[in-house]
Amino acid sequence: LDGNERKKKGTSQGGRFVLEKFPAEGRHWFSLVAVNDDQTESAEIKAVYDAGYRTYIRASGVMVKPMGDMTNLASAGYGGLLDIGLSGRRFSLGLETGFISYKCEKDVKSMYTIPAMLELGYRQPLFFSLTLCPSLKAGMSYDMIDYTMLDAANPLISRKKKSSGFDPAGS
C-alpha cells in the first residue's frame with residue numbers, strides 16, 4: 001500500500017515472496033495481499049521490514065535488591081541508568097552507565113554505585129510491534145560507602161570511615 005493505493009512490489013513463485021526495489025536501510029511498514037489469476041485478493045497481512053543500523057539512547061529507572069553479605073549494609077537501591085548504543089535488525093551493542101543510591105542499614109551513612117558496562121542484546125520479534133529483547137551486561141562499578149566502624153574491644157568507641165573502589169558488575 002502506498003497511501004490507499006495498492007502497488008505491485010514483488011512476485012511469488014512456489015510459496016516464496018520476493019521483494020523488488022525495496023530500500024535496504026531503515027524501517028518500513030507494508031501490507032501483503034496475494035492476488036490470483038482471477039484478480040481475487042486474499043486477506044491483508046500487515047508486516048514490518050527492519051534493516052540497517054540505528055543509534056539508540058535509552059534512560060531507565062532501577063531498583064536493586066542486595067543479596068548475601070551486602071544485606072547487612074543496605075536493604076534496597078534506587079537510581080537511573082543511561083544506555084547508548086548501535087542496534088541492528090537482531091543484535092545491539094552499547095554502553096551503560098548510571099547512578100544508584102542505597103537505602104542503608106544501621107551504622108552505614110551512605111552507599112552509592114556508578115556502573116559502567118558493555119551491553120550485548122538480541123531482539124526476537126513476537127507479533128505486531130511486540131519484541132522480546134534479552135541482554136547481557138558486564139563491566140565495572142565504582143562503589144562508595146560512608147560508615148561507622150565500631151572498635152571490637154570496646155563498642156563504645158567508634159570512628160567514621162569512607163571507602164571506595166572498583167568492583168566487577170553485571171546483569
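This short presentation describes a sheet, a nonpolar core and one residue outside that core's list in a predicted model.

Let me begin with the sheet. Six strands, in the order E5-E6-E7-E8-E11-E12, make up an open sheet with antiparallel pairing. At its edges lie strand E5, residues 54-64, and strand E12, residues 158-170, each of which pairs on one side only. From one strand to the next, the twist averages 10 degrees.

Within this sheet, I draw your attention to one pair of strands. Strand E8, residues 108-122, runs antiparallel to strand E11, residues 135-150, and 13 bridges join the two. Across this pair, Glu-119 is placed opposite Lys-137 in E11.

I turn now to the core. The largest nonpolar core has seven residues: Ala-74, Ile-100, Tyr-102, Val-108, Met-111, Ile-145 and Tyr-147. Strand E7, residues 91-104, together with E8 and E11, are the elements that contribute two or more residues to it. What does Tyr-102 touch, beyond residues up to four places away in sequence? Its partners include the core members Ala-74 and Met-111, and also Val-64, Pro-66, Met-70, Ala-76, Gly-77, Tyr-112 and Thr-113.

Finally, consider Leu-132, which belongs to strand E10, residues 130-132. Leu-132 has a relative accessible area of 49%, and is therefore classed as partly exposed. Setting aside neighbours within four places in sequence, Leu-132 contacts Tyr-122, Arg-123, Gln-124 and Leu-126. Of these, Tyr-122 lies ten residues from Leu-132 along the chain, with 8.2 Å between their C-alpha atoms.

Key
Residues numbered from 1 in each chain as written. Predicted model: local features only at pLDDT ≥ 70, side-chain atom pairs only at ≥ 80, totals over all residues. Heavy atoms only, no water. Pairing = 2+ DSSP bridges. Helix = DSSP H or I, 4+ residues; strand = E, 2+ residues; numbered from the N terminus. Axes fitted to C-alpha atoms, helices over the stretch in contact; angles between N-to-C directions. Core = buried A, V, L, I, M, F, W, Y, C linked by side-chain atoms within 4.5 Å. Buried < 20%, exposed > 50% of the residue type's maximum accessible area, 1.4 Å probe, protein only. Contact = heavy atoms within 4.5 Å.
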